[in-house]
Amino acid sequence: MALTLYVDTARWRAHHKHVQEQFPGLVPVCKGNGYGFGHERLSEEATRLGSDLLAVGTTYEAARIKDYFGGDLLVLTPYRRGEEPVPLPDRVVRSVSSIDGVYGLVGARVVIEVMSSMKRHGISEQDLPQLHQAIENVRLEGFAIHLPLDRTDGTDAVEEVIGWMDRLRAARLPLHTMFVSHLKADELARLQQQFPQTRFRARIGTRLWLGDHEATQYRGSVLDVTRVTKGDRFGYRQQKAASDGFLVVVAGGTSHGVGLEAPKALHGVMPRAKGVARAGLATVNRNLSPFVWDGKQRWFAEPPHMQVSILFVPSEAAEPKVGDELVAHLRHTTTQFDRIVDC
């Protein structure tokens with residue numbers, strides 16, 4: 001009995017091909033928990049796509065993934081002097097976001113990140129005059145720009161990239177390759193048309209692996225069902241049942257990522273109101289679980305345990321049976337499954 005990730009493999013891979021066709025030179029991204037699929041699986045899928053380069057988050061991820069992927073690996077986290085050395089093959093390319101970082105990677109293959117409106121990390125326009133000397137002792141694979149997802153000020157993503165292309169060109173720096181993130185296909189095409197001598201390569205993770213929501217589904221197996229009446233005590237904290245119903249033990253707990261949620265940016269009055277309502281219910285130990293039964297998302301009976309969750313299903317709903325599977329609305333990037341089933 002397990003928390004299972006079901007994958008409609010043909011549909012999932014068809015989506016990969018569609019994205020690849022939209023973004024020539026696509027660089028797949030495999031970082032964190034492998035977007036819920038794991039590093040080994042995504043490395044295999046990147047190989048299936050014929051990718052020559054796979055982007056990873058950290059040097060530690062590169063050290064693991066190098067055994068699964070035979071092409072080049074691009075580490076997205078910028079190099080910093082004094083970081084723990086991790087033995088890596090020459091096919092690993094390091095990102096750098098400072099002049100000092102370039103000087104610290106003598107002989108290495110590097111991609112230089114420029115500062116975007118994200119304001120996360122990157123070299124500034126003022127750094128450009130110093131780059132000529134700095135890049136003499138590295139193997140420059142190109143420049144990169146990481147763009148924000150939302151543009152609430154109405155600015156144009158393409159214009160931001162063009163601005164940096166113009167600065168780099170004015171500084172007489174090599175512009176054979178520019179790695180970009182969070183651009184639409186038509187935006188990438190506009191850039192490629194305007195700068196035909198530069199190869200633009202989109203680094204894509206979420207849109208590639210998780211873009212077709214209907215291709216994957218999490219389900220948790222029902223392990224036990226216990227009938228309770230109003231006032232019965234149960235669980236670690238011996239709370240009282242608020243009404244008649246069933247305590248349903250389902251595979252999937254905190255070790256799987258159930259009950260853990262990354263913060264979300266809320267836009268608009270209604271989403272904010274719902275967020276306030278959920279917070280209010282949580283103060284009285286009422287938390288909605290990600291599990292669905294009989295057409296409704298069900299409440300946790302108590303906080304999820306390490307490997308299972310206990311749900312409360314009211315008596316008016318159909319009684320779950322041991323072995324049934326409950327669909328679970330889980331975030332791929334925070335979830336660890338017990339098994340994956342291709343279907």
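How many residue pairs does the rule find in polar contact across the interface of domain 1 and domain 2? Hi everyone, let's work up to that one together.

First, some ground rules. This is a predicted model, where local features need pLDDT of at least 70 and side-chain atom pairs count only at pLDDT 80 or more, while totals for chains, interfaces and linings use all residues. Residues are numbered from 1 along each chain as its sequence is written, and side-chain values use heavy atoms, with hydrogens and water left out.

Now the layout. The protein is divided into domain 1 (8–210) and domain 2 (216–342), with bounds from an automatic or database domain assignment. Their C-alpha centres lie 38 Å apart.

So where do the two domains meet? Nine residues of domain 1 are in contact with 11 residues of domain 2, contact meaning heavy atoms within 4.5 Å. About 810 Å² is buried between the domains, and carbon and sulfur atoms give 52% of that. Buried area here is the accessible area (1.4 Å probe) that two parts lose on being put together, summed over both. On the domain 1 side, Asn-33, Gly-36 and Phe-37 lose the most area to domain 2, together 47% of what that side buries.

Back to my opening question: the answer is five pairs, with both residues at pLDDT 80 or more. A polar contact is a pair of N or O atoms within 3.5 Å; within protein, one must be able to donate a hydrogen and the other to accept it, and residues adjacent in sequence count only if both atoms are side-chain atoms.

The interface also has one salt bridge by the rule, which asks for a side-chain nitrogen of Lys or Arg within 4 Å of a carboxyl oxygen of Asp or Glu. Look for Arg-41 and Asp-342, whose side chains meet in a salt bridge at 2.8 Å, N to O. For the whole count, the rule gives 20 salt bridges. Another to find is Glu-83 with Arg-94, at 2.9 Å, N to O. Thanks for listening!
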